[in-house]
Amino acid sequence: IVALDEERVWRLVLWNEAFHTDRGGPWRFEQNRAYAGVSYRVSPRLTIEAGYMNQFIDRRQGADRLNHNLFVTLSRNWL
């Protein structure tokens, strides 16, 4: 997460995660999820985030799968 302004109201959110498996044989790559989005702090307890996630799934049988996902998230801090 990278602040885009001094007040940290706008933030850039980037993450990547890879999954491996050992189902039915040796360890191997199974899927990767890469995400990029922006977050806006509406108030000290409320944040809205929107972004894009690219999901690649390596299938053993058949064609690999590539999913394009749009996320919109509303988060509330209860503490």
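Helices (H or I, at least four residues) and strands (E, at least two) are DSSP runs, numbered from the N terminus. This is a predicted model, where local features need pLDDT of at least 70, side-chain atom pairs count only at pLDDT 80 or more, and totals for chains, interfaces and linings use all residues. Residues are numbered from 1 along each chain as its sequence is written, and side-chain values use heavy atoms, with hydrogens and water left out.

**Exercise 1.** Work out which elements the protein chain has, and in what order they run.

*Solution.* Start with the count: you'll find 5 strands and 0 helices. Next, read from the N terminus on, and you get β-β-β-β-β.

**Exercise 2.** Place Ser-39, decide whether it is buried or exposed, and list what it touches.

*Solution.* Step one: Ser-39 sits in strand β3, which covers residues 28–43. Step two: its relative accessibility is 3%, so Ser-39 counts as buried (buried is under 20% relative accessible area, exposed over 50%, partly exposed in between, with a 1.4 Å probe and protein chains only). Step three: leave out residues up to four places away in sequence, and Ser-39 has contacts (heavy atoms within 4.5 Å) with Val-9, Trp-10, Arg-11, Val-13, Thr-47, Ile-48 and Glu-49.

**Exercise 3.** Describe the overall dimensions of the protein chain, and say what share of its residues is buried.

*Solution.* First, the C-alpha trace spans about 50 × 25 × 20 Å along its principal axes. Then turn to burial: of the 79 residues, 20% are buried.
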